[in-house]
Amino acid sequence: MNRVFCYSIFALLAVMVVAMNTRSFADDAAKPEKLLRHVVIFKFKEGVKPSDQKMVEEAFAALPGKISQIADFEWGTNNSPEMLDKGFTHCFLVTFKSEADREAYLPHPAHKEFVELLLPHLEEAFVIDYWASK
């Protein structure tokens with residue numbers, strides 16, 4: 001074989017190896033950032049009216065519009081067929097980008113106002129926070 005051809009193949013392979021082992025800015029942009037999840041699960045007192053539950057749902061869902069540190073929010077009611085809910089019916093997922101954002105959320109006046117609205121209807125709450133991993 002011709003030396004120029006061999007050198008060309010060698011150079012091409014070297015470039016490919018370097019390219020495969022080099023992180024690009026596009027890789028960094030495609031990676032999701034780590035997010036802090038704040039999971040809140042409610043069991044309402046027996047006899048709480050559906051209209052009062054709806055009021056609590058709407059008040060919680062309004063918090064992202066009042067507290068800028070909330071990066072994302074979703075909620076739903078239990079529909080698991082496993083029968084392991086122990087009477088808990090509502091799950092709310094509040095997402096933060098940092099612990100500092102969560103620290104600003106917890107004592108925020110809008111959050112405290114929501115808690116005051118909630119408490120007369122609440123039997124029990126379960127809360128867990130975690131850093132999301134994929």
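This passage describes the sheet, a helix that lies across it and a cluster of aromatic rings in a predicted model. Residues are numbered from 1 along each chain as its sequence is written. Because the model is predicted, local features need pLDDT of at least 70 and side-chain atom pairs count only at pLDDT 80 or more, whereas totals for chains, interfaces and linings use all residues, and side-chain values use heavy atoms, with hydrogens and water left out.

An open sheet of four strands (DSSP runs of E, at least two residues, numbered from the N terminus) has the order β2-β3-β1-β4 with antiparallel pairing, two strands being paired if DSSP finds at least two bridges between them. The edge strands, each pairing on one side only, are β2 (72–77) and β4 (122–131), and the twist averages 15° from one strand to the next. Strands β1 (residues 36–44) and β3 (residues 90–96) pair over seven bridges in the antiparallel sense, with L36 opposite F96 in β3.

Helix α3 (residues 50–66; helices are DSSP runs of H or I, at least four residues) lies across β1, β2 and β3 and runs at about 165° to β2, where axes are lines fitted to C-alpha atoms, for helices over the stretch in contact (heavy atoms within 4.5 Å), and angles run from 0 to 180 degrees between N-to-C directions.

Rings of Phe, Tyr and Trp (its six-membered ring) pair if their centres lie within 6.5 Å, with planes under 30 degrees apart stacked, over 60 edge-to-face and the rest tilted; the count comes to 10 aromatic pairs. The rings of F42 and F44 are edge-to-face, with centres 6.2 Å apart and planes at 75°, whereas F42 and F114 are stacked at 6.5 Å centre to centre and 25° between the planes. Since F42 lies in strand β1 and F114 in helix α5 (residues 109–118), the latter pair ties together parts that are 72 residues apart in sequence. Ring pairs link F42, F44, F60, F73, W75, F92 and F114 into a cluster.
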